[in-house]
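Reader: Could you take me through the salt bridges in this one, with a close look at a single stretch of the chain? I'd like to know who pairs with whom and how buried the partners are.

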Amino acid sequence: MKRLVLLLALLASPAVAQNLDLNQGGPVEITANDGIEWRQQDQVVIARGNARAVRGGVTVDAERLIARYRPRGTAQGGSPPAAGPAGDSPLSGGEIWRLEAEGNVRVTSATERAEGQRAVYDMDQAVMVLSGRGLSLTTPEQTITARDSLEYWPQRRMAVARGGAVVVTSDDRRIAADTLVAYFLDAAPAATQAAAPAARPPIAGLPAANEGSRIDRVEAYGGVDIRTADEIVRGDRGVYSPQTGLARLVGGVRITRGENQLNGQEAIVNLRTGVSRLVSAPGTRVQGLILPGQQQPAQAEVPQPQRPAARRPAPPPARGASPQ
């Protein structure tokens with residue numbers, strides 16, 4: 001079946017696209033099997049049937065794509081300038097400020113892949129919000145899933161997973177919480193990447209990671225659950241560093257191994273060795289229930305081990321790109 005092709009303008013940016021950032025790159029090419037409709041009165045372009053949008057190494061595939069445009073130079077909510085001689089269409093000076101994808105959405109780049117039933121990319125806020133079933137964000141070293149929504153903020157180097165959020169590492173370590181906020185490393189210059197040693201083997205379907213697709217740390221809020229081969233560690237809040245393999249949990253911490261359990265206010269979990277330890281703080285006590293004949297969890301210790309480097313976590317950002 002012949003595919004229809006339309007080349008549209010997007011917000012201008014001199015940088016080269018990387019990761020899943022649609023705010024950078026050149027024009028966007030939209031193709032579809034079942035037609036491309038231009039509604040000039042509504043300032044919208046709709047592509048149907050195996051629709052695809054490509055810009056600067058980022059590809060969006062969905063059953064339907066909706067591109068909303070406006071006269072160039074008009075900020076969202078501002079007064080539009082006078083229309084140009086050709087009507088400020090996306091083909092004659094207009095700019096796409098919002099891209100919506102519906103039905104089996106897949107957003108891919110060289111190193112990352114995001115999936116869901118619906119996606120909204122707001123160019124003004126530089127945020128993509130995925131919703132619906134099967135939400136996931138996959139990098140060469142981690143996979144993040146969620147039930148309610150999955151936000152991707154490429155310019156802030158951040159992703160937010162809400163509702164039954166889980167991050168699984170490439171070596172099968174699992175961290176779950178009500179909300180997870182993942183911060184990515186800044187992309188290294190091309191010369192630095194070329195000189196860097198090869199990363200660990202990539203996951204299926206994605207090449208090896210560059211610095212921009214690697215997670216620096218994961219902050220967890222509410223019902224934090226970390227599982228190793230022998231233990232389950234739960235707490236109210238936590239932070240995990242993939243670079244060190246260490247996770248710190250605070251607030252109502254419980255370490256469970258079989259029927260044995262230790263309770264305290266803070267714990268350090270080494271996901272690489274599977275060792276979990278309660279940390280005693282001044283003026284507090286740890287409690288434990290140890291059954292004879294059961295394998296015992298690691299004992300609490302008074303000296304605090306080295307913790308993952310992390311600043312005090314900030315509250316997750318407000319949901320972005322709400323439907324207009």
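**Salt bridges, up close**

Author: Arginine 217 is buried, at a relative accessible area of 6%. Keep in mind that this is a predicted model. The partner of arginine 217 is aspartate 216, and the closest N and O atoms of this salt bridge are 3.9 Å apart. That still makes the list, because the cut-off is within 4 Å. Aspartate 216 itself is partly exposed, with a relative accessible area of 28%.

Moving along the chain, aspartate 225 and arginine 234 form a salt bridge too, at 3.1 Å from N to O. Here the acid is the buried partner: aspartate 225 has a relative accessible area of 9%, whereas arginine 234 is partly exposed at 29%.

Then there's arginine 257, which pairs with glutamate 231 with the closest N and O atoms 2.7 Å apart. Arginine 257 sits in strand 16 (residues 246-257), while glutamate 231 belongs to the loop between strand 14 (215-227) and strand 15 (232-241), so this salt bridge ties together parts that are 26 residues apart in sequence. Both ends are tucked away: arginine 257 counts as buried at 12% relative accessibility, and glutamate 231 is buried with a relative accessible area of 1%.

If you zoom out, the whole structure has 21 salt bridges. Some of that pairing is networked: Arg64, Arg68, Arg98, Glu100, Glu102 and Arg118 are linked through salt bridges. As for the principle, side chains of opposite charge can pair when their charged atoms come close.

Notes. Residues are numbered from 1 along each chain as its sequence is written. This is a predicted model: local features need pLDDT of at least 70, side-chain atom pairs count only at pLDDT 80 or more; totals for chains, interfaces and linings use all residues. Side-chain values use heavy atoms; hydrogens and water are left out. A salt bridge is a side-chain nitrogen of Lys or Arg within 4 Å of a carboxyl oxygen of Asp or Glu. Buried means under 20% relative accessible area, exposed over 50%, partly exposed in between (1.4 Å probe, protein chains only). Helices (H or I, at least four residues) and strands (E, at least two) are DSSP runs, numbered from the N terminus.
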